[in-house]
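Colleague: I am new to this structure and would like to learn how to read a few of its features. Could we go through them one at a time?

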Amino acid sequence: MSTTGSPLANPVIQPSADNPHGAGRPFWLLAELTYKCPLQCSYCSNPLDLSGSGTELTTDQWLSVFEQGRKMGAAQLGFSGGEPLLRRDLEVLIREARNMGYYTNLITSGLGMDDRRVSDFRDAGLDHIQVSFQASTEELNNQLAGSQKAFAQKLAMAKEVKAQGYPMVLNFVIHRDNIEQIDKIIELSIELQADFVELAIAQYYGWAFINRAHLLPTKTQLIKAEAITNQYRDQLNGKGPKLIFVTPDYYEERPKGCMNGWGNIFLTIAPDGTALPCHSARELPMQFPNVKDESLADIWYRSTGFNHFRGYEWMKEPCRSCDEKEKDFGGCRCQAFKLTGDAANADPVCSKSEHHSKIVAARNEAEQLAAGVAPQSPLLARNTRNQRMALDIIARSE
């Protein structure tokens with residue numbers, strides 16, 4: 001959920017009856033087209049209840065959302081999931097969105113894609129394709145993905161994306177099972193002539209939260225991985241892929257400005273039409289509006305769900321009087337809820353939080369598990385068979 005990099009600026013807008021918090025426009029619209037996926041990644045950010053997400057929006061409903069978003073000023077549109085390639089109308093959605101003036105981005109595992117479909121996406125006007133990998137070797141990649149054909153397909157599609165003129169953008173979610181191979185991951189990226197490579201340490205929401213004990217690397221592993229990444233940056237000297245190393249919240253002493261602020265820049269639409277300030281927000285005990293029932297403008301500017309954590313009035317101490325609140329907005333609301341039971345608390349990542357000890361305990365657990373001195377809980381692959389067990393774990397922890 002957390003985003004990194006330079007904050008995106010929204011112009012200052014005075015509050016009004018139609019816009020009570022002076023919200024800016026939603027620049028980035030993320031269309032989660034489906035939660036269906038051929039992979040079973042243990043760090044997936046999709047909801048634990050994969051069977052209870054409702055009926056997916058139709059083609060016409062999605063196009064209405066895109067049109068409304070453009071009228072509100074949205075400029076970038078991401079197609080995500082699950083696996084968006086499972087939507088048979090994806091080419092139609094891309095074409096119509098591009099005709100509306102969006103910069104369009106497909107975020108995919110590559111499974112369900114072939115050379116003809118890449119060509120169809122290009123003809124439809126798709127601007128950008130990001131292909132995800134689980135690891136640099138076939139054995140580990142397929143093990144983590146839960147598919148024996150995943151790695152070969154990803155390799156083929158990454159090469160095809162490059163061959164058809166797209167920038168090569170790769171994503172690797174880094175965790176304890178693959179962090180020791182980060183040099184091999186970078187070597188693979190160089191071999192594939194990648195232009196951009198995101199090395200993102202897993203963030204702990206959805207299935208990743210359930211599997212945190214398996215996934216969280218140690219501080220030593222993290223420092224080593226970042227050092228190796230920096231060595232490659234120096235060796236490449238701007239002549240190879242741009243390596244983007246995203247550190248995990250759990251090893252920070254101050255939280256990131258999650259999503260550039262609640263309901264400030266990013267607008268996510270779930271497969272069933274639920275509108276969210278971020279892709280993890282439906283885990284909160286809040287009611288969020290649906291595009292089937294309300295206009296996007298009403299949702300963005302006037303709904304309780306989007307206005308709830310805007311501004312600073314909702315903040316408790318230490319955030320309310322903190323001189324960094326305009327930088328980090330108190331951190332992540334989902335993380336605060338997951339770890340403290342109250343979404344209005346300071347993000348426990350912050351050393352000022354009274355709950356920071358929970359983050360320290362997680363770090364210590366990672367050290368003990370890596371050293372083999374603590375029992376390991378079972379790893380739950382992301383699938384409908386395991387969702388009941390995952391939901392039970394969450395229920396017992398609340």
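Modeller: Let us start with a pair of strands, keeping in mind that the model is predicted. Strand 5 (residues 169–174) and strand 6 (residues 196–201) run parallel, joined by six bridges.

Colleague: Which residue in strand 6 is the bridge partner of Phe172?

Modeller: Phe172 is paired with Leu199. On side chains, the general idea is that in a regular strand they alternate between the two faces of the sheet.

Colleague: Which helix belongs with strand 5 and strand 6 in a β-α-β unit, and what is the handedness of that unit?

Modeller: Helix 6 (residues 182–191) does, and the unit made by strand 5, helix 6 and strand 6 is right-handed.

Colleague: How many bridges pair strand 6 with strand 7, and in which sense?

Modeller: There are five bridges between strand 6 and strand 7 (residues 242–246), and the pairing is parallel. As an example to look up, Ala200 has Val246 in strand 7 as its bridge partner.

Colleague: Now the empty space. How many cavities of 30 Å³ or more does a search of the whole structure find?

Modeller: First the idea: a probe the size of a water molecule, rolled over the atoms, shows where empty space is left. Here the search finds two cavities of 30 Å³ or more. The largest holds about 80 Å³ of space, and the second largest has a volume of about 50 Å³.

Colleague: Which residues line the largest cavity?

Modeller: Its lining includes Arg254, Pro255, Pro318, Cys319, Cys322 and Lys325. Further along the chain, Asp328, Gly330, Ala346, Asp347, Cys350 and Lys352 also line the largest cavity. By class, six residues of this lining are nonpolar, one is polar and five are charged.

Colleague: Which element gives the most to the lining of the second largest cavity?

Modeller: Helix 9 (residues 219–236) does, with four residues. The lining of the second largest cavity consists of Ile179, Glu180, Ile182, Gln221, Lys224, Ala225 and Ile228. Four residues of that lining are nonpolar, one is polar and two are charged.

Colleague: Last, the annotations. Which residues does the UniProt annotation "binding site" cover?

Modeller: In the unreviewed UniProt entry, that annotation covers Cys37, Cys41 and Cys44. Of these, take Cys41, whose place is in the loop between strand 1 (28–32) and helix 1 (59–72).

Colleague: Is Cys41 buried or exposed?

Modeller: The cut-off for buried is under 20% relative accessible area. Cys41 has a relative accessible area of 9%, so Cys41 is buried.

Technical notes: Residues numbered from 1 in each chain as written. Predicted model: local features only at pLDDT ≥ 70, side-chain atom pairs only at ≥ 80, totals over all residues. Heavy atoms only, no water. 1 Å grid on protein atoms, 1.4 Å probe; cavity = no way out; pocket = protein on both sides within 12 Å on 5 of 7 lines; lining within 4 Å. Points joined across faces, edges and corners; volume = space filled by probe spheres on them. Nonpolar A, V, L, I, M, F, W, Y, C, P; charged D, E, K, R; others polar. Helix = DSSP H or I, 4+ residues; strand = E, 2+ residues; numbered from the N terminus. Pairing = 2+ DSSP bridges. Right-handed = clockwise from strand over helix to strand, strands pointing away. UniProt positions renumbered as here; feature names shortened; annotations may be inferred. Buried < 20%, exposed > 50% of the residue type's maximum accessible area, 1.4 Å probe, protein only.
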